[in-house]
Amino acid sequence: MKNKRNMNFGDIFIGILMLLICFLALYPVWYTIIISFNDSSDAMRGGIYWFPRKFSLESYKTVFQDQSILRAFGITILRTVIGTLCSVFFTAMVGYAFSKSHIKFNKFYRIMGTITMFFGGGLIPYFITIKNLGLYDNFLTYIIPSLFSFYNMIIFMSFFKELPVGLEESAKLDGANDFFIFIRIIIPLSAPVIATIALFNGVWHWNDYFTGVMYINKAELQPIQTYLYRIVASASASKSVVSMPAGIAAQQVNSTSVRLATMVVTTAPIVCVYPFLQKYFVKGMMIGSIKG
(Lines give C-alpha, C1' and ligand atoms only; values in the text may rest on other atoms or scores of the structure.)
Protein backbone atom coordinates (compact mmCIF):
# COMPACT_ATOMS: atom_id res chain seq x y z
CA MET A 1 0.00 0.00 0.00
CA LYS A 2 2.84 2.34 0.88
CA ASN A 3 4.65 1.61 -2.37
CA LYS A 4 1.44 2.26 -4.28
CA ARG A 5 1.03 5.64 -2.59
CA ASN A 6 4.64 6.54 -3.34
CA MET A 7 4.19 5.51 -6.95
CA ASN A 8 1.02 7.59 -7.27
CA PHE A 9 2.73 10.60 -5.73
CA GLY A 10 5.64 10.18 -8.11
CA ASP A 11 3.30 9.95 -11.09
CA ILE A 12 1.47 13.08 -9.99
CA PHE A 13 4.74 14.95 -9.48
CA ILE A 14 6.04 13.93 -12.92
CA GLY A 15 2.70 14.89 -14.49
CA ILE A 16 2.77 18.34 -12.90
CA LEU A 17 6.39 18.81 -13.90
CA MET A 18 5.68 17.86 -17.52
CA LEU A 19 2.68 20.20 -17.62
CA LEU A 20 4.90 23.02 -16.34
CA ILE A 21 7.53 22.29 -18.99
CA CYS A 22 4.84 22.20 -21.71
CA PHE A 23 3.47 25.51 -20.46
CA LEU A 24 6.90 27.15 -20.52
CA ALA A 25 7.46 25.86 -24.06
CA LEU A 26 4.03 26.75 -25.47
CA TYR A 27 3.20 30.04 -23.76
CA PRO A 28 5.69 32.16 -25.75
CA VAL A 29 4.07 30.84 -28.94
CA TRP A 30 0.60 31.58 -27.59
CA TYR A 31 1.68 35.06 -26.48
CA THR A 32 3.04 35.79 -29.96
CA ILE A 33 -0.28 34.71 -31.50
CA ILE A 34 -2.52 36.80 -29.23
CA ILE A 35 -0.39 39.93 -29.64
CA SER A 36 -0.40 39.51 -33.42
CA PHE A 37 -4.23 39.33 -33.37
CA ASN A 38 -4.55 42.30 -31.02
CA ASP A 39 -4.83 45.89 -32.17
CA SER A 40 -1.29 47.26 -32.26
CA SER A 41 -2.14 50.61 -30.64
CA ASP A 42 -4.07 48.85 -27.88
CA ALA A 43 -1.10 46.53 -27.29
CA MET A 44 0.91 49.61 -26.17
CA ARG A 45 -1.06 49.61 -22.94
CA GLY A 46 0.26 46.14 -22.02
CA GLY A 47 -1.56 43.74 -19.74
CA ILE A 48 -2.35 41.22 -22.49
CA TYR A 49 -1.53 37.72 -21.29
CA TRP A 50 -4.12 35.14 -22.34
CA PHE A 51 -6.48 36.47 -25.03
CA PRO A 52 -6.54 39.46 -27.42
CA ARG A 53 -8.15 42.43 -25.69
CA LYS A 54 -9.08 44.21 -28.92
CA PHE A 55 -9.22 41.75 -31.82
CA SER A 56 -7.81 43.02 -35.10
CA LEU A 57 -6.53 41.55 -38.37
CA GLU A 58 -4.70 44.70 -39.48
CA SER A 59 -1.26 43.20 -38.85
CA TYR A 60 -2.07 40.18 -41.03
CA LYS A 61 -3.53 42.44 -43.73
CA THR A 62 -0.26 44.36 -43.74
CA VAL A 63 1.71 41.13 -44.08
CA PHE A 64 -0.28 39.84 -47.04
CA GLN A 65 -0.44 43.24 -48.77
CA ASP A 66 3.34 43.76 -48.67
CA GLN A 67 4.75 42.60 -52.01
CA SER A 68 8.22 42.15 -50.52
CA ILE A 69 6.90 39.73 -47.91
CA LEU A 70 4.89 37.80 -50.50
CA ARG A 71 7.94 37.54 -52.75
CA ALA A 72 10.03 36.33 -49.83
CA PHE A 73 7.36 33.72 -49.08
CA GLY A 74 7.54 32.54 -52.68
CA ILE A 75 11.32 32.13 -52.47
CA THR A 76 11.01 30.21 -49.20
CA ILE A 77 8.36 27.84 -50.57
CA LEU A 78 10.34 27.31 -53.77
CA ARG A 79 13.64 26.58 -52.02
CA THR A 80 11.93 24.31 -49.48
CA VAL A 81 10.21 22.18 -52.11
CA ILE A 82 13.11 21.99 -54.59
CA GLY A 83 15.81 21.73 -51.93
CA THR A 84 14.03 18.98 -50.01
CA LEU A 85 13.25 16.87 -53.10
CA CYS A 86 16.77 17.17 -54.52
CA SER A 87 18.50 16.56 -51.19
CA VAL A 88 16.38 13.52 -50.29
CA PHE A 89 16.86 11.92 -53.72
CA PHE A 90 20.61 12.61 -53.91
CA THR A 91 21.31 11.52 -50.32
CA ALA A 92 19.21 8.39 -50.80
CA MET A 93 21.25 7.42 -53.87
CA VAL A 94 24.52 7.83 -51.96
CA GLY A 95 23.11 5.94 -48.97
CA TYR A 96 22.02 3.08 -51.24
CA ALA A 97 25.54 2.83 -52.67
CA PHE A 98 27.12 2.91 -49.20
CA SER A 99 24.81 0.13 -48.03
CA LYS A 100 26.64 -2.26 -50.39
CA SER A 101 29.75 -3.72 -48.79
CA HIS A 102 31.28 -4.66 -52.16
CA ILE A 103 31.77 -1.00 -53.14
CA LYS A 104 35.50 -0.25 -53.32
CA PHE A 105 36.96 1.99 -50.60
CA ASN A 106 33.61 1.90 -48.79
CA LYS A 107 35.20 2.04 -45.34
CA PHE A 108 37.60 4.82 -46.36
CA TYR A 109 34.73 6.99 -47.62
CA ARG A 110 32.84 6.44 -44.39
CA ILE A 111 35.82 7.55 -42.33
CA MET A 112 36.26 10.68 -44.45
CA GLY A 113 32.54 11.45 -44.20
CA THR A 114 32.56 11.00 -40.44
CA ILE A 115 35.44 13.49 -40.14
CA THR A 116 33.39 16.12 -41.97
CA MET A 117 30.68 15.77 -39.33
CA PHE A 118 33.04 17.12 -36.66
CA PHE A 119 35.46 19.37 -38.57
CA GLY A 120 34.83 22.03 -41.21
CA GLY A 121 36.88 24.47 -43.26
CA GLY A 122 35.40 27.58 -41.65
CA LEU A 123 33.12 30.36 -42.79
CA ILE A 124 35.62 32.36 -44.85
CA PRO A 125 36.86 29.43 -47.03
CA TYR A 126 33.23 28.38 -47.49
CA PHE A 127 32.27 31.89 -48.58
CA ILE A 128 35.17 32.00 -51.04
CA THR A 129 34.11 28.62 -52.43
CA ILE A 130 30.52 29.81 -52.91
CA LYS A 131 31.83 32.95 -54.63
CA ASN A 132 34.17 31.08 -56.97
CA LEU A 133 31.44 28.60 -57.93
CA GLY A 134 29.22 31.47 -59.05
CA LEU A 135 26.61 30.72 -56.39
CA TYR A 136 26.73 34.14 -54.72
CA ASP A 137 23.46 36.00 -55.38
CA ASN A 138 22.19 32.88 -57.10
CA PHE A 139 19.07 30.89 -56.18
CA LEU A 140 21.08 27.67 -56.52
CA THR A 141 23.05 28.59 -53.40
CA TYR A 142 19.97 27.37 -51.49
CA ILE A 143 19.99 24.03 -53.32
CA ILE A 144 23.46 22.79 -54.30
CA PRO A 145 25.42 23.16 -51.01
CA SER A 146 22.65 21.36 -49.08
CA LEU A 147 22.27 18.45 -51.52
CA PHE A 148 24.14 16.03 -49.28
CA SER A 149 24.31 15.42 -45.54
CA PHE A 150 26.48 12.60 -44.23
CA TYR A 151 24.31 12.24 -41.13
CA ASN A 152 21.19 11.80 -43.26
CA MET A 153 23.12 9.38 -45.47
CA ILE A 154 23.87 7.20 -42.42
CA ILE A 155 20.12 7.01 -41.67
CA PHE A 156 19.38 6.01 -45.26
CA MET A 157 22.21 3.47 -45.27
CA SER A 158 20.99 1.85 -42.04
CA PHE A 159 17.50 1.50 -43.45
CA PHE A 160 18.64 0.05 -46.80
CA LYS A 161 20.77 -2.56 -45.03
CA GLU A 162 17.67 -3.92 -43.30
CA LEU A 163 15.82 -4.55 -46.57
CA PRO A 164 15.78 -8.19 -47.75
CA VAL A 165 18.61 -8.97 -50.18
CA GLY A 166 16.31 -11.32 -52.09
CA LEU A 167 14.34 -8.38 -53.48
CA GLU A 168 17.32 -7.08 -55.41
CA GLU A 169 18.55 -10.52 -56.43
CA SER A 170 15.20 -11.48 -57.94
CA ALA A 171 15.02 -8.16 -59.78
CA LYS A 172 18.51 -8.63 -61.21
CA LEU A 173 17.53 -12.11 -62.41
CA ASP A 174 14.74 -10.40 -64.38
CA GLY A 175 17.29 -8.07 -66.00
CA ALA A 176 16.87 -4.95 -63.84
CA ASN A 177 19.91 -2.70 -63.30
CA ASP A 178 20.82 -0.95 -60.05
CA PHE A 179 19.16 2.36 -60.95
CA PHE A 180 15.90 0.62 -61.91
CA ILE A 181 15.96 -1.36 -58.65
CA PHE A 182 16.58 1.82 -56.67
CA ILE A 183 13.74 3.76 -58.32
CA ARG A 184 11.11 1.05 -58.66
CA ILE A 185 11.77 -1.15 -55.61
CA ILE A 186 13.87 0.59 -52.96
CA ILE A 187 12.24 4.04 -53.02
CA PRO A 188 8.63 2.76 -52.68
CA LEU A 189 9.68 0.65 -49.66
CA SER A 190 11.43 3.58 -47.98
CA ALA A 191 8.48 5.82 -47.07
CA PRO A 192 9.34 6.06 -43.31
CA VAL A 193 12.97 7.06 -43.80
CA ILE A 194 12.16 9.36 -46.73
CA ALA A 195 9.52 11.14 -44.64
CA THR A 196 12.01 11.51 -41.79
CA ILE A 197 14.78 12.99 -43.94
CA ALA A 198 12.28 15.14 -45.85
CA LEU A 199 11.07 16.58 -42.55
CA PHE A 200 14.66 17.29 -41.48
CA ASN A 201 15.43 19.04 -44.75
CA GLY A 202 12.11 20.83 -45.05
CA VAL A 203 12.28 22.35 -41.57
CA TRP A 204 15.89 23.40 -42.13
CA HIS A 205 15.14 25.06 -45.48
CA TRP A 206 12.06 26.79 -44.09
CA ASN A 207 13.81 28.15 -40.99
CA ASP A 208 17.19 28.98 -42.53
CA TYR A 209 17.97 32.70 -42.59
CA PHE A 210 21.77 32.56 -42.46
CA THR A 211 22.23 31.54 -46.10
CA GLY A 212 20.22 34.55 -47.25
CA VAL A 213 22.18 36.87 -44.97
CA MET A 214 25.64 35.66 -46.02
CA TYR A 215 25.33 34.66 -49.67
CA ILE A 216 22.37 36.63 -51.06
CA ASN A 217 22.49 40.39 -51.59
CA LYS A 218 19.57 40.75 -54.00
CA ALA A 219 16.34 41.57 -52.18
CA GLU A 220 14.27 39.59 -54.69
CA LEU A 221 16.12 36.37 -53.76
CA GLN A 222 15.87 36.65 -49.99
CA PRO A 223 13.63 34.12 -48.16
CA ILE A 224 11.06 35.14 -45.59
CA GLN A 225 13.26 34.20 -42.63
CA THR A 226 16.06 36.48 -43.85
CA TYR A 227 13.52 39.23 -44.48
CA LEU A 228 12.18 38.84 -40.94
CA TYR A 229 15.72 38.72 -39.52
CA ARG A 230 16.59 42.04 -41.16
CA ILE A 231 13.44 43.68 -39.78
CA VAL A 232 14.15 42.46 -36.25
CA ALA A 233 17.84 43.37 -36.48
CA SER A 234 17.12 46.90 -37.72
CA ALA A 235 14.48 47.43 -35.02
CA SER A 236 16.84 46.20 -32.30
CA ALA A 237 19.63 48.44 -33.61
CA SER A 238 17.40 51.53 -33.64
CA LYS A 239 16.31 50.85 -30.05
CA SER A 240 19.87 50.46 -28.81
CA VAL A 241 21.24 53.58 -30.54
CA VAL A 242 18.69 56.28 -29.86
CA SER A 243 15.75 57.08 -27.63
CA MET A 244 12.71 57.06 -29.93
CA PRO A 245 10.23 59.98 -29.83
CA ALA A 246 6.57 59.37 -29.02
CA GLY A 247 5.37 59.30 -32.64
CA ILE A 248 8.15 56.94 -33.70
CA ALA A 249 7.51 54.72 -30.66
CA ALA A 250 3.91 54.17 -31.73
CA GLN A 251 5.14 53.28 -35.22
CA GLN A 252 7.61 50.89 -33.66
CA VAL A 253 4.81 49.12 -31.78
CA ASN A 254 2.94 48.76 -35.09
CA SER A 255 5.99 47.25 -36.73
CA THR A 256 6.36 44.90 -33.75
CA SER A 257 2.83 43.61 -34.31
CA VAL A 258 3.60 43.10 -37.98
CA ARG A 259 6.77 41.19 -37.09
CA LEU A 260 4.84 38.92 -34.74
CA ALA A 261 2.17 38.33 -37.39
CA THR A 262 4.93 37.46 -39.86
CA MET A 263 6.40 34.99 -37.36
CA VAL A 264 3.01 33.29 -36.96
CA VAL A 265 2.51 33.04 -40.72
CA THR A 266 6.02 31.63 -41.30
CA THR A 267 5.65 29.05 -38.53
CA ALA A 268 2.14 27.86 -39.39
CA PRO A 269 2.99 25.74 -42.49
CA ILE A 270 5.56 23.60 -40.66
CA VAL A 271 3.23 23.18 -37.68
CA CYS A 272 0.45 22.03 -40.03
CA VAL A 273 2.66 19.59 -41.95
CA TYR A 274 4.29 17.91 -38.95
CA PRO A 275 1.22 15.94 -37.66
CA PHE A 276 0.88 14.21 -41.04
CA LEU A 277 4.53 13.12 -41.00
CA GLN A 278 4.82 12.31 -37.31
CA LYS A 279 4.15 8.56 -37.60
CA TYR A 280 6.79 8.25 -40.33
CA PHE A 281 9.14 10.49 -38.35
CA VAL A 282 8.97 8.31 -35.22
CA LYS A 283 9.37 5.11 -37.23
CA GLY A 284 12.27 6.55 -39.20
CA MET A 285 14.09 7.66 -36.05
CA MET A 286 13.94 4.08 -34.72
CA ILE A 287 15.83 2.73 -37.74
CA GLY A 288 18.74 0.58 -36.65
CA SER A 289 17.87 0.75 -32.94
CA ILE A 290 16.23 -2.68 -32.81
CA LYS A 291 17.83 -5.79 -34.23
CA GLY A 292 16.19 -9.07 -35.08
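Colleague: Which residues lie nearest the centre of the second largest pocket?

Modeller: Gly-113, Thr-116, Met-117, Phe-148 and Phe-150 do, out of 13 residues that line the pocket. Keep in mind that this is a predicted model.

Colleague: What makes a residue part of that lining?

Modeller: A lining residue has an atom within 4 Å of a pocket point. Helices α5 (106-118) and α6 each supply at least two such residues, and α5 gives the largest share, three residues.

Colleague: Why is Gly-113 counted as polar?

Modeller: The classes put Gly among the polar residues, so Gly-113 goes there, while Met-117 and Phe-148 count as nonpolar. Overall, this lining has seven nonpolar, six polar and no charged residues.

Colleague: And what is the volume of the largest pocket?

Modeller: About 390 Å³, with about 320 Å³ for the second largest. The largest pocket has 16 lining residues, and Tyr-126, Pro-145, Ser-146, Trp-204 and Thr-211 lie nearest its centre. At least two lining residues come from each of α6 (123-132), α10 and α11 (210-215).

Colleague: How do you know that α4 and α10 are in contact?

Modeller: Contact means heavy atoms within 4.5 Å, so the residues that meet this cut-off make the case. First, the packing: α4 (residues 67-98) and α10 (residues 191-207) have axes 9 Å apart, at an angle of about 150°. The residues in contact include Phe-73, Ile-77 and Gly-83 of α4, and Ile-194, Asn-201 and Trp-204 of α10.

Colleague: Is that crossing left-handed or right-handed?

Modeller: Right-handed.

Note on methods
Residues numbered from 1 in each chain as written. Predicted model: local features only at pLDDT ≥ 70, side-chain atom pairs only at ≥ 80, totals over all residues. Heavy atoms only, no water. Axes fitted to C-alpha atoms, helices over the stretch in contact; angles between N-to-C directions. Helix = DSSP H or I, 4+ residues; strand = E, 2+ residues; numbered from the N terminus. Left-handed = near helix turned anticlockwise from the far one by under 90°. 1 Å grid on protein atoms, 1.4 Å probe; cavity = no way out; pocket = protein on both sides within 12 Å on 5 of 7 lines; lining within 4 Å. Points joined across faces, edges and corners; volume = space filled by probe spheres on them.
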